[in-house]
Amino acid sequence: MNKIFSGIQPTGEIHIGNYVGAIRNWIGLVDDYDCIYSVVDYHAITVDYEADQFQERVLETALNLLACGLDPQKCRIMVQSQVPEHTELAWVFNCVTPIGEVERMTQFKEKSKQHRANINMGLMDYPVLQAADILVYKAGFVPVGEDQVQHVELTREIARKFNSRFQPIFPEPQVILSCAAKILGVDGKSKMSKTLNNYIGLLEAEESIWEKLRTAVTDVKRVRRKDPGCPEDCNIFTMHTAFSPDTMIPELDKGCRRADIGCVDCKKKLFENMTAELGPIRERASALRSQPDYIRDVLKSGAESCRDEAQQTMEEVRSVLGLYR
Ligand code: TYM
């Protein structure tokens, strides 16, 4: 069975960009692939964080994944630091990765601007650890949002470098993109993210979601109600493609271009479709809150089963590297 690996940072409550950009895809793949999904805590310590709240953030992220509908009977859900072979392989990959390749990563450049006071080695090495996450399981496919495509390309490059320098033991994994691979924030400018505080939370109360949608930026060139709009320049339209039925999309597209529908009505329809999908997730999340032991058990068995495979890969890696044994 083909293997899939993907990861998410432990931000606690995830946002709808994570959900439609990646997690909904993760759920759809579990019947056809051997899937491993990870809460990547070592990635998250590359920026400042509160150590005493960190475990809670990891557990809350896992709870969110389960609430979305990931079935731990059909896939493995694990915490990255519970399988140390990820970081061990990252060190090996450091030794075949040219510095220039990581310096040019868009996310590294953006994060260096956001965290000027703490541009540490880990921040730069971040995509190398990501390559190790994927390749320690020899995964062939990686379902992610658009912002991670460059990192998966680097993973392929690292696999090629390792394979040609030592022995061809790693696959070159492919990206699987969702139909909503890039959701902008409610500011309509930057990618939706918690750092930029332009997000809609997956478990957010309906009133709060409406308040954010009501004031969200649409096509900036559509100033008056009677101005025709451009759906391709409107983040609300992109969100419709993620949350509304396929049959509604051409109708909204036409309505917007002809100014038959105004932005507020368009937002109301989105709100209805979005909350219809998020309501059951919120309910499952509140049921899971009374089962913290269950969440810990899921993560424990996920890590145990991943450890075996990761250890096998590292044995092979140590052997082809010619390390002392
Ligand atoms: P992270 O935690 O930033 O995001 C998790 C997933 O959500 C997607 N995503 C989005 N998709 C569409 N629109 C958005 N606004 C949006 N924001 C986030 C991301 O593309 C991602 O798929 N480096 C990764 C985590 C990681 C990983 C891995 C992923 C670590 N190791 C190995 C794949 C394979 C990250 O920070 O994702």
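A pocket, as the word is used here, is an open set of grid points where a 1.4 Å probe fits, with protein on both sides within 12 Å along at least five of seven lines. In this predicted model, the space taken by the ligand is the largest pocket.

A shell of 27 residues surrounds the ligand, and those that come nearest are Tyr126, Asp133, Gly145, Asp147 and Ile183. Sorted by class, the shell holds twelve nonpolar, eleven polar and four charged residues. Several elements of the fold contribute to it: β1 (3-8), α1 (16-29), α7 (121-135) and β4 (141-144) each supply at least two residues of the shell.

A few side chains meet the ligand through polar atoms. For aspartate 147, a polar side-chain atom lies 2.4 Å from an oxygen atom of the ligand. Tyrosine 126 places an N or O atom of its side chain 2.6 Å from a ligand oxygen. With glutamine 148, the partner is a nitrogen atom of the ligand, 3.0 Å from a polar side-chain atom. The ligand on its own has 710 Å² of accessible area, and the protein covers 96% of it.

Charged side chains pair up within the protein as well. Side chains of opposite charge can pair when their charged atoms come close. Across the whole structure, a search finds 25 salt bridges. One of them joins arginine 160 to glutamate 157, with 3.0 Å between the closest N and O atoms. Both residues belong to helix α8 (residues 149-165), where they sit three residues apart, about one turn of the helix.

Terms used:
Residues numbered from 1 in each chain as written. Predicted model: local features only at pLDDT ≥ 70, side-chain atom pairs only at ≥ 80, totals over all residues. Heavy atoms only, no water. Near = heavy atom within 4 Å. Polar contact = N/O pair within 3.5 Å; in protein donor to acceptor, adjacent residues only side chain to side chain. Areas by Shrake-Rupley, 256 points an atom, 1.4 Å probe, with all protein chains shown as cover. 1 Å grid on protein atoms, 1.4 Å probe; cavity = no way out; pocket = protein on both sides within 12 Å on 5 of 7 lines; lining within 4 Å. Sits in = over half its atoms within 2 Å of the grid points. Helix = DSSP H or I, 4+ residues; strand = E, 2+ residues; numbered from the N terminus. Nonpolar A, V, L, I, M, F, W, Y, C, P; charged D, E, K, R; others polar. Salt bridge = Lys/Arg side-chain N within 4 Å of Asp/Glu carboxyl O.
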